[in-house]
Amino acid sequence: LDIGLPDMSGMDLHARFRKDPITASIPILVCTVRGKDEEVPSGEAYIQKPISPAGLLEQVSGFLTARSRER
């Protein structure tokens with residue numbers, strides 16, 4: 001989920017996903033060009049743009065591994 005979406009706030013979209021029972025448990029990888037100092041919802045994985053394919057795979061793999069251990 002890009003925090004800096006052009007037509008709506010990524011934070012608003014994140015809140016919508018978390019409020020909807022159908023999408024509430026879907027893992028979200030937050031991405032932004034700004035950096036970690038930007039507001040990132042707690043419990044979500046984070047990656048800074050530009051995103052390399054290898055970096056994206058590493059982040060997704062690590063996040064999913066951590067989530068599977070929680071269950």
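The following exercises concern a predicted model of a single chain.

**Exercise 1.** Determine which secondary-structure elements the chain has and how they run from the N terminus on.

*Solution.* Begin with the inventory: two helices and two strands are present in the chain. Next, read the elements from the N terminus on, which gives α-β-β-α.

**Exercise 2.** Assess the radius of gyration of the chain against the globule rule.

*Solution.* The globule rule gives 11 Å for 71 residues. The radius of gyration of the chain is 12 Å, which is close to that value, so the chain is as compact as a globular protein of that length. For the extents along the principal axes, the C-alpha atoms fill a box of roughly 35 × 30 × 20 Å.

**Exercise 3.** Describe the burial, exposed area and contacts of the chain.

*Solution.* Of the 71 residues, 30% are buried. The chain exposes about 5,000 Å², and 57% of this area comes from carbon and sulfur atoms. For the contacts, consider those between residues at least 6 apart in sequence: 33% of them join residues at least 24 apart.

**Exercise 4.** State how far apart the mean positions of the positive and negative charges are.

*Solution.* The chain carries 9 positive and 10 negative charges. Their mean positions lie 5 Å apart.

**Exercise 5.** Locate His14, and decide whether His14 is buried or exposed.

*Solution.* His14 belongs to helix H1, which spans residues 10-19. The relative accessible area of His14 is 10%. The cut-off for a buried residue is under 20%, so His14 is buried. Leaving aside residues up to four places away in sequence, His14 touches Leu1, Ile28, Pro41 and Glu44.

Conventions. Residues are numbered from 1 along each chain as its sequence is written. This is a predicted model: local features need pLDDT of at least 70, side-chain atom pairs count only at pLDDT 80 or more; totals for chains, interfaces and linings use all residues. Side-chain values use heavy atoms; hydrogens and water are left out. Helices (H or I, at least four residues) and strands (E, at least two) are DSSP runs, numbered from the N terminus. The radius of gyration is taken over C-alpha atoms; the globule rule is 2.2 Å times the number of residues to the power 0.38. Buried means under 20% relative accessible area, exposed over 50%, partly exposed in between (1.4 Å probe, protein chains only). Contact means heavy atoms within 4.5 Å. Accessible areas come from the Shrake-Rupley method with a 1.4 Å probe; for residues, only the protein chains shown count as cover. Lys and Arg count as positive and Asp and Glu as negative; His and the chain ends are not counted. The place of a charge is taken as NZ of Lys, CZ of Arg, CG of Asp or CD of Glu.
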